Amino acid sequence: MTLDALQIDPLALAAIAGMALVTYASRIGGWLVIRRLVVSGRARAALEAVPGAVLAAVITPAVLATGPAETAAAAITVVAALRLPQLAAIVIGVVSVVILRAVLY
Amino acid sequence: MRDGAIDVLPAAVAVVPFALLLGALAAQKGISVPEMVLMSATVFAGSAQFVAVDIWREPVPWLLLTVTALMINLRHLLMGASLAGKIGHFGTGTSLIALFTMVDETWALAERRAARTKLSATYFLTMGLILYVNWIGWTGLGAALGGLIGDPSRYGADFAFPAIFLTLLVGLWQGPRTGVAIAASAIVAALVYLSFEGPWFIAAGGIAGALAGAVIGPADEAVTETVE
């Protein structure tokens with residue numbers, strides 16, 4: 001292992017600190033405000049939609065804008081995830097993208 | 001203590017391959033072992049860390065990473081709110097420590113426990129501590145080993161992220177309402193991705209999904225809300 005692999009970059013440190021702060025805030029936030037505020041109705045629906053929406057946004061370029069192999073492999077992964085354990089579906093997705101790339105490109 | 005350890009064991013074992021994979025992918029992005037260990041020890045949130053490693057690049061976009069982590073972790077607000085009444089007897093200091101270890105798995109197990117019997121701080125903290133040490137250890141080991149693997153796209157490892165997130169999405173699915181939020185997010189994310197430099201399409205998609213969720217409204221409270 002080189003010395004480089006043991007270093008902490010200042011910007012990386014800032015990113016980790018920022019992520020740690022907002023994550024802890026999210027963990028204690030609901031507990032802190034619950035006695036004063038009940039999140040319900042549309043605000044609750046909006047909050048509940050966020051994690052799925054963010055995950056969907058993250059993978060949009062890879063799934064829709066990379067190529068037919070990736071789009072097809074994404075569809076295969078979803079079908080596999082509906083029937084199989086999560087890890088099995090991931091392995092099937094990765095294997096299918098390798099095969100599809102070899103066939104299509 | 002024994003109950004907490006036994007109940008959390010399957011989750012601790014199941015997370016090992018994901019932790020190794022996260023560490024390995026992080027190493028390929030140039031994240032060092034100390035950085036990975038520090039991130040796991042302070043953030044301790046699987047989905048947020050996978051997303052962070054996915055969008056990680058040089059120079060490190062710390063603001064974007066922070067905003068994205070916040071959006072991914074918004075669900076914690078609801079989880080903490082639902083736990084508030086069940087950990088009311090913990091005391092403030094213990095609650096602040098217990099909530100640091102609240103992840104999807106410990107939250108779900110604590111909810112199940114609270115439905116059967118009184119939720120003890122020992123039970124909750126035992127689960128949290130086991131998952132915490134487990135997560136730091138395996139993600140750190142993954143980062144240490146990950147640099148040895150080489151070009152990830154050769155064996156499709158670059159597709160591991162989309163595959164992981166797709167399976168998480170399937171797990172989050174709660175009917176057509178989820179589908180509309182996901183579709184709104186994907187459409188806006190695609191448009192922003194094609195129009196603007198940088199990964200702001202993630203925040204844009206997240207906001208579009210939240211707005212879609214608000215427009216559709218809650219599953220069971222829609223009627224009472226319009227009455228109010």
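How do helix 1 of chain A and helix 5 of chain B run, roughly parallel or roughly antiparallel to each other? Before the answer, the ground rules. This is a predicted model, where local features need pLDDT of at least 70, side-chain atom pairs count only at pLDDT 80 or more, and totals for chains, interfaces and linings use all residues. Residues are numbered from 1 along each chain as its sequence is written, chains are lettered from A and ligands numbered from 1 in the order in which they are written, and side-chain values use heavy atoms, with hydrogens and water left out.

Now the first pair. Helix 1 of chain A spans residues 10-33, and helix 5 of chain B spans residues 62-72. Helices here are DSSP runs (H or I, at least four residues), numbered from the N terminus. The two axes come within 8 Å and cross at roughly 20 degrees. Axes are lines fitted to C-alpha atoms over the stretch in contact, and angles run from 0 to 180 degrees between N-to-C directions. Helix 1 of chain A and helix 5 of chain B are therefore roughly parallel; the class takes angles under 35 degrees, while over 145 is roughly antiparallel, 65 to 115 roughly perpendicular and the rest oblique. Their crossing is right-handed (the near helix is turned clockwise from the far one by less than a right angle).

Who meets whom? On the chain A side, the residues include A:Leu11, A:Gly18 and A:Val22; on the chain B side, they include B:Trp62, B:Leu65 and B:Leu70. Contact means heavy atoms within 4.5 Å. By class, this contact of helix 1 of chain A with helix 5 of chain B has nine nonpolar, three polar and no charged residues.

Next, the second pair between chains. Helix 3 of chain A (residues 68-83) and helix 10 of chain B (residues 160-172) pack at about 45 degrees, axes 9 Å apart. That makes them oblique. The crossing is right-handed. Among the residues in contact are A:Thr77 and A:Val78 from helix 3 of chain A, and B:Leu166 and B:Val170 from helix 10 of chain B.

Then the whole interface. Chain B gives 84 residues to the contact and chain A gives 66. Together they bury about 6,400 Å², 77% of it on carbon and sulfur atoms. Buried area is the accessible area (1.4 Å probe) lost on being put together, summed over both parts. Salt bridges across the interface of chain B and chain A: zero (the rule wants a side-chain nitrogen of Lys or Arg within 4 Å of a carboxyl oxygen of Asp or Glu).

Definitions and conventions
Helices (H or I, at least four residues) and strands (E, at least two) are DSSP runs, numbered from the N terminus. Ala, Val, Leu, Ile, Met, Phe, Trp, Tyr, Cys and Pro count as nonpolar, Asp, Glu, Lys and Arg as charged, and the others, Gly among them, as polar. Buried area is the accessible area (1.4 Å probe) that two parts lose on being put together, summed over both.
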